[in-house]
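Subject: Handover of a structure for your review

Dear colleague,

Please find the structure below, handed over for your own inspection. My findings follow it.

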2 protein chains.
Amino acid sequence: MQNISEKILDVATKGFALAGYDGTSLSAIAKEVGIKKPSLLYHYPSKEQLRSAVLNRVFEHWNDELPRILKLATSGEDRFNGLLNEIVRFFVTDPNRARLVMREMLDRPDHLSASMEDYLGPYITILSDYIQKGVERGEVRKDVQPRAYVLHVIQMVVGGVATASSIGATSIEDHVSEIVRIARSSLFVDTPQFQKTELSEEKNNG
Amino acid sequence: MQNISEKILDVATKGFALAGYDGTSLSAIAKEVGIKKPSLLYHYPSKEQLRSAVLNRVFEHWNDELPRILKLATSGEDRFNGLLNEIVRFFVTDPNRARLVMREMLDRPDHLSASMEDYLGPYITILSDYIQKGVERGEVRKDVQPRAYVLHVIQMVVGGVATASSIGATSIEDHVSEIVRIARSSLFVDTPQFQKTELSEEKNNG
DNA sequence: CCTACCGATCGGTAGG
DNA sequence: CCTACCGATCGGTAGG
């Protein structure tokens with residue numbers, strides 16, 4: 001049994017993701033939590049502050065996870081697989097995270113730009129540098145624009161998961177496996193043998 | 001000077017794209033058009049019908065344009081360039097079109113899925129068949145999943161343009177040129193010499 | 001194309 | 001954590 005503040009965050013995340021911020025009333029959130037609106041406003045003093053709390057929780061995951069993955073990985077190939085697998089896993093596990101981020105990009109582009117810079121900025125720079133080194137080593141295509149590439153791959157995963165249900169996607173696993181293929185084959189000079197992602201291994205073992 | 005129904009559509013498109021359907025009131029739309037709310041409701045009898053009219057206008061463009069492009073193009077390479085250039089041009093010309101489609105995917109996934117099937121379904125199938133033929137000719141990578149590939153490229157353009165302002169994108173032209181590179185290099189077996197898109201040619205000439 | 005109005009719902013507060 | 005209430009705004013209608 002989780003505490004009420006966390007339960008409010010869970011319910012609000014689902015509501016904001018599926019119906020949007022304007023489309024989700026505080027009364028509706030409170031009702032699903034099992035309390036009344038004024039009680040909810042004791043935990044989060046305004047709807048805007050609830051919105052921030054919901055979004056920050058999504059971003060904080062990456063603050064914990066990104067350094068761990070980057071330390072584990074050694075080769076460029078390892079890093080690519082580790083990072084992309086974790087990004088895919090995170091959003092496929094709960095597609096509402098992807099919908100939430102996508103809506104926030106549309107609703108408050110400037111605010112989200114600042115949050116991304118705070119939470120992900122340093123890592124995007126590190127990744128861009130890795131890619132640049134890959135170019136020098138001859139492993140990565142020369143015409144890659146490192147920073148734009150990283151942003152587009154993130155966008156492709158988030159957007160692909162968020163909109164999978166609006167596009168007659170057969171299965172979410174097949175759908176994202178093509179994203180992984182596109183990302184890999186447009187990055188490396190010579191596409192390696194097809195290598196299973198952790199996700200598809202889990203699927204085959206399960 | 002356009003007629004009032006069209007002006008309402010223009011203003012509503014901008015509003016729905018930037019602030020969302022729930023975030024744009026009929027009074028606000030009417031005010032910007034220069035009339036009052038009841039007058040607006042004479043042209044579009046409900047907010048939902050205005051929403052449909054706005055969305056249909058975006059889709060109808062493709063009903064006119066897609067057959068034209070497919071007829072013009074002869075080689076697979078031509079078709080790829082022609083189509084991708086037109087998709088990019090359409091959404092970069094007015095990014096609100098991209099934001100609108102993205103929001104609709106999130107707000108009403110089932111409804112948009114049906115609209116996409118109606119307007120684009122046949123063409124997506126045709127494109128998938130072309131890609132399959134390219135595989136047989138040895139021009140296209142064997143591990144491409146044709147239908148998923150097409151959907152992801154569309155999604156990458158729409159999502160990339162819609163969220164360009166939320167991502168510290170330097171210039172929209174550089175941003176989309178990396179999308180074109182990713183799409184091309186992940187499709188063809190042997191990436192051709194870098195070939196300018198019509199968009200970047202216009203930029204260089206202008 | 002307008003004024004005037006409807007019930008419903010919104011985010012938030014008072015006060016306990 | 002609640003009941004009771006606030007002004008503002010929503011989509012939509014009546015009637016001209």
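In this predicted model, a polar side-chain atom of Ser39(A) lies 2.4 Å from a phosphate oxygen of DNA strand D. Two further residues approach phosphate oxygens of that strand: Lys36(A) does so through a backbone N or O atom at 2.9 Å, and Lys47(B) through a side-chain N or O atom at 2.6 Å. The elements that contribute two or more residues to this surface are helix H3 (37-43) of chain A, and helix H2 (26-33) and helix H3 (37-43) of chain B; helices here are DSSP runs (H or I, at least four residues), numbered from the N terminus.

In total, 15 residues surround DNA strand D, Leu26(B) and Lys37(B) being among the closest; a residue counts as near the strand if one of its heavy atoms lies within 4 Å of it. Sugar or phosphate accounts for 53% of the strand D atoms within 4 Å of the protein, and bases for the rest. By class, the surface near the strand has six nonpolar, six polar and three charged residues. In this scheme Ala, Val, Leu, Ile, Met, Phe, Trp, Tyr, Cys and Pro are nonpolar, Asp, Glu, Lys and Arg are charged, and the others, including Gly, are polar.

I turn next to the interface of the two protein chains. Here 42 residues of chain B are in contact (heavy atoms within 4.5 Å) with 42 residues of chain A. The chains bury about 3,800 Å² between them, 57% of it on carbon and sulfur atoms; buried area is the accessible area (1.4 Å probe) lost when two parts are put together, summed over both. On the chain B side, Leu106(B), His152(B) and Arg181(B) lose the most area to chain A, together 18% of what that side buries.

Three salt bridges cross the interface, each defined as a side-chain nitrogen of Lys or Arg within 4 Å of a carboxyl oxygen of Asp or Glu. One of them joins Asp107(B) to Arg103(A), with the closest N and O atoms 2.7 Å apart. Helix H8 (146-162) of chain B gives the most to the side that touches chain A, with 10 residues. That side has 16 nonpolar, 16 polar and 10 charged residues.

Residues are numbered from 1 along each chain as its sequence is written, and chains are lettered from A and ligands numbered from 1 in the order written. Local features need pLDDT of at least 70, side-chain atom pairs count only at pLDDT 80 or more, and totals for chains, interfaces and linings use all residues, while side-chain values use heavy atoms, without hydrogens and water.

Yours sincerely

Methods:
A polar contact is a pair of N or O atoms within 3.5 Å; within protein, one must be able to donate a hydrogen and the other to accept it, and residues adjacent in sequence count only if both atoms are side-chain atoms.
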